[in-house]
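Here is a short briefing for a reader new to this structure. Please look over the sequence and the model first, then follow the points below.

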Amino acid sequence: MRPADTLRFATRAATAYPVRTALMMLAMSIGVAAVVVLTALGDGARRYVLAEFSALGSNLVIMLPGRSETGGFGLGNLISTTPRDLTVQDAEALRRAPLVERIAPMAVGNSEIAFGGRLREVMVLGTTADYLELRRFRMAQGSFLPAGDATRAGSVAVLGAKLRDELFGHEAAVGRMIRLGDRRLRVVGVLERSGQGLGMNSDELVIVPVATAQNLFDTNTLFRVLIETRSREALGPVQRQVEDLMRLRRGGELDVTLITQDAILGTFDRVLLALTLGVAGIAAISLAVAGILVMNVMLVAITQRTAEIGLLKALGATGGAIRNAFLVEAALLSLAGAIAGLGIGHAGAWGLRIAFPVLPAWPPDWAVAAGLGTAVFTGVLFGVMPARRAARLDPIQALARR
Amino acid sequence: MAQIELDGIQRIFRLGDSEVHALRDIELRIEAGEYLSVMGPSGSGKSTLLNLLGLLDRPNAGHYHLEGRDVTTLDADEQARVRSTRIGFVFQSFHLVSRLTAAENIALPLMLAGVDVAERNTRVRRALNDFGLAPRAHHKPEELSGGQRQRVAIARATIMQPAVLLADEPTGNLDRSTGHEVTELLESLNRSGTTLIVVTHDPTMGERATRRIRMEDGAIVSDAAAPRELPA
């Protein structure tokens, strides 16, 4: 039998039983679609988190108060409290390190913002003029915080785009006075819309000079200090320089933790990749189930077509020709199901992207390839046993069956 | 040397702990172009003999020479090749593949033998014309009458131009007149040189053969040539 004939014969056999073929394609396609959608979700989450941190800028060292015993980056030092204040003076001192490009201290807290009778809870970020460049933000109107002495509590504020809309509506915001907590501040600028970043939505943020924020919250300590280095290669040297400087300032004791962006990205990347793989593995179980269904359906097909197999043998078909025909039929059914599943999966991922625009829910190529490959592989694998059974049928008994 | 030579053929089936001798010491010579009928009661071994002649079954003992070649020693794939090129089967219940058209059913042996598509189409078209099936070429078996179905089956059995045509109750599922047509068709194929071996219960069909074999209990009890040639 020629390969083209085997293929045509198997196709005719598959299409001759539409209900059976549709059911099997459905089972296989659910498996493949599950792999595609779940990996799209997992990988989307991974990309989302990576994008969040990449939005910080690429050559970043983050200094936070407190020291975890083991060092390095762990979830613990994201929430640990400080034994000693990290101050604006500490941050300013770091400017002396030669490879440091920008320094932005951060003091963070919640307060109330009010304008013209409208009042809302707001997240307040106290920082310096460098913050704008460091975060690659752009101004929609006005200007950012003025450069100058970081210890001076200027009465100015910069609003996030959404906050501006809520407070001022169609009115101009720049130049107006707002109330923040117990202070009156003048709005000097509005940020361009940029969305999420570093766990806060900068569209709903009010940014004030760091000393103003510290006065507002009655504290001396900083939440974080962001340090941008001159180049990516400078990350390591800067980390050491900053450690030396801080140790010097603290009488030999290092009580801050430094995190490079690479460390954070690497960790999240690993965690979320593992998560995606795990989810893909769970979805792959449904492919194995579909494979067993392929086997069942093919066994039923062979029982239904026993007389046909006997006839083919009487007409001179070798066992190998019959085995190939059934194997190709199983492979075709799996492939058709897999392709249908790919379509459904991509539609599902598209639906996810529509429903959650922030999530880049694209199925990764490796998952698509693995899903298709596993589907066809299991289809063929579970098709082998029925096909061999068909090839071994005794033609006399097969012909006697009607 | 005869076309078919059976020597000391034994076929034993085991049913539980008892042994059934389906064929005992069969000795048979059949010349090319002969017209044989095999008759006998149910269970006499007629069908077993036919299956054996068609290489669908193997004897427990003895030798079967087809055209001088000992085919009992061939492996399954070689036997399949012999079936493909030298033997045609016609069954009582037609055994057409229901999802394939008449033309595709006739083309099956050519496809299994790996004949290329152009050659296949020419031969199938010729066969459809020869058997008066041209208008039914693209009909499925369920759209054909019994006689048409058996004609498709005979066209399929002869498309490879086999040396031997084996027919197992070819008219068993047909009414008298279509049965007669089918018999005449088989006989005309025999006249053009194909050896025809018919297994039947029907005495009128059996009587038409030029050589009649009667079997009982797995043995050939009579083997007689017809007293006269039947009129064409």
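**Briefing**

S2(A) and S11(A) run antiparallel and are joined by 6 bridges. The model is a predicted one. The points below start with that strand pair, then move to helices, to chain B and to the contact between the two chains.

**Strand S11 of chain A**

- Strand S11 of chain A covers residues 224–229, and 5 of its 6 residues are buried, so S11(A) is largely enclosed by the rest of the structure.
- Within the pairing with S11(A), Val100(A) has Thr229(A) as its bridge partner.
- Strand S1 of chain A, residues 60–65, also pairs with S11(A). This pairing is antiparallel and has 4 bridges.
- Opposite Met63(A), in S11(A), stands Val225(A).

**Helix H7 of chain A**

- Which residues of H7(A) are buried? In this helix, residues 210–217, they are Val210(A), Thr212(A), Ala213(A), Gln214(A) and Leu216(A).
- The buried residues of H7(A) pack against one helix and several strands of chain A: helix H4 (88–93), strand S2 (100–115), strand S3 (118–127), strand S6 (177–180), strand S7 (183–191) and strand S10 (205–209).
- Asp218(A) comes just after H7(A) and takes a positive phi of about 55 degrees.

**Helices H11 and H12 of chain A**

- Helix H11 spans residues 319–355 of chain A, and helix H12 spans residues 365–392. Their axes come within 7 Å and cross at roughly 155 degrees.
- Angles over 145 degrees count as roughly antiparallel, so H11(A) is roughly antiparallel to H12(A).
- The crossing of H11(A) past H12(A) is right-handed.
- The contact of H11(A) with H12(A) has 19 nonpolar residues, along with 6 polar and 3 charged ones.

**The sheet of chain B**

- Chain B has an open sheet of 4 strands in the order S2-S1-S4-S5, with antiparallel pairing.
- Which are the edge strands? They are strand S2 (18–30) and strand S5 (69–70) of chain B, and each pairs on one side only.
- Strand S1 (residues 4–15) and strand S4 (residues 61–66) of chain B run antiparallel, with 5 bridges between them.
- Leu6(B) has Tyr64(B) as its bridge partner in S4(B).

**Helices H5 and H6 of chain B**

- The axes of helix H5 (residues 146–158) and helix H6 (residues 176–191) of chain B come within 9 Å. They cross at roughly 15 degrees.
- Angles under 35 degrees count as roughly parallel, so H5(B) is roughly parallel to H6(B).
- H5(B) passes H6(B) in a crossing that is right-handed.
- On the H5(B) side, the contact is made by Gly146(B), Gly147(B), Gln150(B), Arg151(B), Ile154(B) and Thr158(B).
- On the H6(B) side, it is made by Thr178(B), Glu181(B), Val182(B), Leu185(B), Leu186(B) and Leu189(B).
- By class, the contact of H5(B) with H6(B) has 5 nonpolar, 5 polar and 2 charged residues.

**Where chain A touches chain B**

- How many residues of each chain are in contact with the other? There are 20 residues of chain A in contact with 23 of chain B.
- On the side of chain A that touches chain B, the elements giving two or more residues are helix H1 (3–16), helix H10 (306–314), H11 and helix H13 (395–400) of chain A.
- H10(A) gives the most to that side, with 5 residues.
- The residues on that side of chain A divide into 12 nonpolar, 3 polar and 5 charged.

Methods: Residues numbered from 1 in each chain as written. Chains lettered and ligands numbered in written order. Predicted model: local features only at pLDDT ≥ 70, side-chain atom pairs only at ≥ 80, totals over all residues. Axes fitted to C-alpha atoms, helices over the stretch in contact; angles between N-to-C directions. Parallel < 35°, antiparallel > 145°, perpendicular 65-115°, else oblique. Left-handed = near helix turned anticlockwise from the far one by under 90°. Nonpolar A, V, L, I, M, F, W, Y, C, P; charged D, E, K, R; others polar. Pairing = 2+ DSSP bridges. Contact = placed C-beta atoms within 7 Å. Buried ≥ 20, exposed ≤ 12 C-beta atoms within 10 Å, placed from the backbone.
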